[in-house]
Amino acid sequence: MKHRRLIPLIILIFLFVSTSTACSIGTKESSTLVYGLTLSPTGIDPHLNASSELGIPLASVYDTLVFRDPASGEFVPGLSETWSISPDGLTYTFFLRRGVTFHDGTIFNAQAVQANLEYVMNPDHHSQKAQFMLGPLQEVEIIDDYTVALYLSEPFAPLLDSLSDVYLGMASPVALETWGPTEYQFHQVGTGPYRFVEYIPNDKITLTRNPDYAWAPSIYQNAKAKIDTIVFRFYEDPATRAIALESGEVDVIGEIPPHDADRIAVSSDFDLYPIAIPGQPMQFFFNTKKAPTDAALVRRALIHAINRPQAVKTIFGVYSPVADSPFLASSFNLEPQESFPTYDPETAGTLLDEVGWRITDEEGHRSRNDVPLELHIVAPPWGSNSEMAQLIRADWEAIGARVTLEIAPGFGPLKEAQAEGEYHAIGINLFGTDPDLLRSFYSSTGLYNWSQFEDPEIDRLLTQAAQESLDLDARLNLYEQVSSRVQEEALVLPIRNYVNLVAVNNRVEGLHFTAQGWYPILIDLQLAP
Amino acid sequence: MVSHSDRSSIGALTTVGRRFIEGVLTAWTAVSLTFFALRLIAGDPIASLLSQGLASPDQVENLRRSLGLDAPLFVQYLNFLAGFFRGDLGTSLFTGRPVSTVIVEQLPATAQLAFAGLGFALLFGLTLGVISAWKEETPLGQFAASLAGLATALPVAFTGILGLILYRQLLVVIPLLSVVKIRRLFLPALLLGFASAGAIARVVQAGLKETMKGPYILAARARGIEHGFRLLWHALRPALPPVVSLTALEAAFLFAGTVVTETVFSRPGLGRLLVTSILQGDYPIAQGLVVLAAVFYTISHMLADILAFTIDPRLRRVT
C-alpha cells in the first residue's frame, strides 16, 4: 500500500517540474514566435526550388536588389541604391549599396550579384523557377566592385519584378560554393533581417534575428527585427490549422478553411487577416480545339450558366471576391473592358439554341443533329478546385448538358489530361505580381496555353507588353487590350480572386505582407508584452 | 542421428531462408510495379518539376535530357535496376539529394511513431482481446468486443482530428499539458495504436476461446489452478503465435498508417515523404520508400517466424 501514497507525491513533483519549466520559459528574455506553414516543400533553396511556401520564412533571410512597394507597386531601393535601364531595354545597371554584409560576415558586392545569377542560370542546377524569371538574360558584367550590369538579348519588362522576389534573393557566394546545389538549402546565408538557423525537412525551419541588420528597405517599418527566434512548422492537413492556433501551438497560420475562419473572426483571442494574393484567379480554360467549346457562343453560354457569386460564397464563404478579369495585382488591376457575363441561365439557353444545341428530350438534355451536348471537366485536386468543379457541373447540367468530371490527383496527371486533349474545361492558375505571367497562358506557344487558342493579335499584344520596359502605363494599356480580347473570345471562366486566410494570435502585432502577398514582413512583427 | 535441438534449428533456418528469398522477390516485384505504375499514374515528372516555372518548350526539353528522363522507359528501368543492385537508389528530381540520405533523415521519426504505436496496439489489443474472451458473457466483455470493432472501423484521419479537438479543450482545463508536449508523440502513437488494436484483439479473443477448450486446460483445472492464472498462462501462450504473425503484419501496416497520422499531427516522417513524392512526381524517392517497405516487411516476417518458434515448441518439428 506504500505505492498509493507515492502517487500524489509523484504528481506533485511532476507539477512542480512542469510549472518551473513553464516559468523559466515565461521569464526568459528571448522571444519566440511559431509560424504555421501549410505545405512541406520538397526543397527550400529559393534559387532552385519553386514552392511559394518557402518565401514565407526566406523572404526575411534574403534581401533583393530592389523591393516592390505592396501598396503602390513601385520599385524601391534594396541592395541596389539606384539603377538605370538603357533606352533599348537591353541593359540594366545596378549601383549597389556599400557596407552590407552577409550573415557569414562576407561582403556583399558586384561579384556576389554575378555569382548569384550565374548559380541560378547554371543548367546543371536545374532551377525550377528562378532561372525562368530572368528571361532573356545573357550576361552579368562587373563594372566595378559596386556596379553591375545585366545584358539581355531582348527587352524583358518583368525583370525588376523578378529581381524583387525571394527566388532571386542575394546569397553569400561563399556559402553557395561551399555547400553546392544539393546541400545549400540546409545552410542558407543571406543579408536579411533574419538568419537561417536550421531546416529539418517535414518538421521545421528556424530563423534567428540578425543584430547587424542596418539596410532595411523603405517597405519595412522597423530598422531591426524585434522577435529573437521564429520557428516555422508544417500543417498540411487544413482541418488541423485552426486547432493548432487555438491550442497555442502556433501564433500565426495561413490558409485557414473558411468555416474555421468564421470562428476565428469572432474570437476575442485571435484575429483573421484575409490577404489578397496577386496573380490569376481560380479559373477554368475552355478547350477551343474541341467541339462544342470550339464555338465562342457556346463558351459564352457556359459562362452565363454559372452562378459564380453563389458558388464562391458556398465554397469560400464571405472572404473571396468573385473574379471578373484574368489577372489581379496591386499595380495591375485589369478591369474588364465590358461588363463580364453575369449569371443568366436564360441567355445561356438562348445562345445554345442559336447555335443549334436544342432541348431534345423530356429531361431537358440538349443535342444537335442527334449528338448530345457533352462536356468533360478536368480539375486539379488543390485549392478547392474539385469542389468548385462540382458546382460548375451542376450549373451546366441545369441548362441541359451532360457533364463528366475528372479530378486529376496531382500536377503530373493534370498535365497528362491536358496533353490528351479530351477536356472541355480545365482548371489551372498561377500566382505572380507581373502580368507577363499571362504570356504563358494566352500566347499561341505558351506552356500553359490550355485553351489552345491561337490569336496573332493576342500574341502581338503580349510580346509588345513584355518588351515595354520603361512605360508602365503603356504596358497596362496593352494588358487591358489582352484582357478584353480574352473576354470577347470567352477563353476562360474566372471564378474567384485568391485570398489567403491568415489566422493570428492577437498577442502578435505588426503583421503585414510583401507585394507578392504570401510573404510576411517578419522584421515588423512583435509580441505584445 | 540428429538431435532434437539441431533439427529444430534446421527447421528455423529453412523457414528464415525461404522468407529471405521471398523477401528479395517481393522487393523486386514491388519496386518494378512501382516503377511502371508511378509513371502511368503520376504523369510526367518534368511537368510537376516546372509547375511554377514559366519555361519555354526548349527549356523543358533541355531539363528532361539533363535529368535523363528522355530515354525510353525500359532503358530507364534497366538503369534503375542496375543502380538498385549496386545499392544506389538514385537522387531526388527536385533537390538532387541522394534518395538514401533523404529517407534516412526521415526514418527515425517514423520508427519512433511506429514502435510507440505498436506498443499501444499490443497493449490495447491484448487487453481488449483477453477481456472480451474472459468476460464474454458480461457487459464488460461485450464492451471490450465493441471497442475492438470500433478501433478497426475508425480511421486515424477521423480519430486524429477528434483527438486534436479534445486535446485543445483539455488544454483550457489543464494548460500544463502543452508543456509536456504530449501532442507530438503520445497522442499520435495512442491513436495509431488504437487503430491497429482491433485486429489483434480479435485474434487474441478467437485464439483464447479455442485454446480454452483444449485438453491441457482441463488438465490444469484438474491440478487446481485458479481461473485467472489458467486463462492467462495456459490458454494465452498457445494462442500467441497467430498474434505474433499478425503483429508483424500490423507493424508493416503501422508504417503505412503513419502516412495519415504524420499528416494530421504535423510530424515529419516517411509517410509524409511518400505522399509528397508521389503527388509531386519525385519518383526516385517513392521507389526508394517502396524498397524500404519491402525490406522491412521481410525482416518483420522473419522475426515473427523466429519468435513463433520460440513461443510454440510444436512449430519446431520438421515435417
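Tutor: Before we start, one term: two residues are in contact if their C-beta atoms, placed from the backbone, lie within 7 Å. Please also keep in mind that this is a predicted model.

Student: Thanks! With that in hand, which residues in α12(B) does α5(B) meet?

Tutor: Let's start from the geometry: α5(B) and α12(B) pack with their axes 8 Å apart. The side of α5(B) consists of B:Ile103, B:Gln106, B:Leu107 and B:Thr110. Across from these, in α12(B), are B:Leu270, B:Gly271 and B:Leu273.

Student: Is α5(B) roughly parallel, roughly perpendicular or oblique to α12(B)?

Tutor: Two packed helices are described by the angle between their axes and the distance between the axes. Here the angle is about 135°. Angles of 65 to 115 degrees would be roughly perpendicular, and those over 145 roughly antiparallel. The angle falls in neither range, and that makes the pair oblique.

Student: And how many charged residues are in the contact of α5(B) with α12(B)?

Tutor: By class, four residues are nonpolar and three are polar. The number of charged residues in this contact is zero: there are no charged ones.

Student: Stepping back, how many strands does chain B have?

Tutor: Read along the sequence, the pattern of chain B is α-α-α-α-α-α-α-α-α-α-α-α-α. That fits its count of 13 helices. The number of strands is zero.

Student: What share of the contacts in chain B with a separation of 6 or more comes from residues 24 or more positions apart?

Tutor: Chain B has 319 residues, and buried ones make up 40% of them. For the contacts with a separation of 6 or more, residues 24 or more positions apart account for 79%.

Student: Now to the two chains: which helix gives the most to the side of chain B that touches chain A?

Tutor: The contact takes 47 residues from chain B and 41 residues from chain A. Several helices of chain B each supply at least two residues, including α3 (57–66), α5 (99–134) and α11 (227–264). With six residues, the one that gives the most is α7(B).

Student: How many residues of the side of chain B that touches chain A are nonpolar?

Tutor: Sorting that side by class, 18 residues are polar and six are charged. The nonpolar ones number 23.

Student: On to chain A: which helix gives the most to the side of domain 1 that touches domain 2?

Tutor: The domain assignment gives domain 1 of chain A as 14–275 + 501–527 and domain 2 as 282–497. Their C-alpha centres lie 33 Å apart, and 21 residues of domain 1 are in contact with 17 residues of domain 2. With three residues, the helix that gives the most to the side of domain 1 is α8 (258–266) of chain A.

Student: Why is one side of β4 and of β6 of chain A left without a neighbour in the sheet?

Tutor: These strands belong to an open antiparallel sheet in the order β4-β5-β7-β6 (chain A). Both β4 (80–85) and β6 (137–144) stand at the edges, so one side of each is left unpaired, because each has a single partner strand.

Student: Which residue in β5(A) stands opposite A:Trp83?

Tutor: Five bridges join β4(A) to β5(A), and the two run antiparallel. In β5(A), the residue opposite A:Trp83 is A:Phe94.

Student: Is A:Tyr151 buried, exposed or partly exposed?

Tutor: A:Tyr151 is found in strand β7 of chain A. It has 15 other C-beta atoms within 10 Å. Buried would take 20 or more, and exposed would take 12 or fewer. The count lies in between, so A:Tyr151 is partly exposed.

Student: Which strands are at the edges of the seven-strand sheet of chain A?

Tutor: The sheet is open and mixed, in the order β8-β9-β10-β1-β11-β21-β12. An edge strand here pairs on one side only, and the two are β8 (194–200) and β12 (270–276) of chain A.

Student: Last one: how many residues of strand β20 of chain A are buried?

Tutor: β20(A) pairs with β13(A) in the antiparallel sense over four bridges, with A:Phe285 opposite A:Val492. The strand is largely enclosed by the rest of the structure, because its buried residues number five of five.

Technical notes
Residues numbered from 1 in each chain as written. Chains lettered and ligands numbered in written order. Predicted model: local features only at pLDDT ≥ 70, side-chain atom pairs only at ≥ 80, totals over all residues. Nonpolar A, V, L, I, M, F, W, Y, C, P; charged D, E, K, R; others polar. Pairing = 2+ DSSP bridges. Axes fitted to C-alpha atoms, helices over the stretch in contact; angles between N-to-C directions. Parallel < 35°, antiparallel > 145°, perpendicular 65-115°, else oblique. Domains from an automatic or database assignment.
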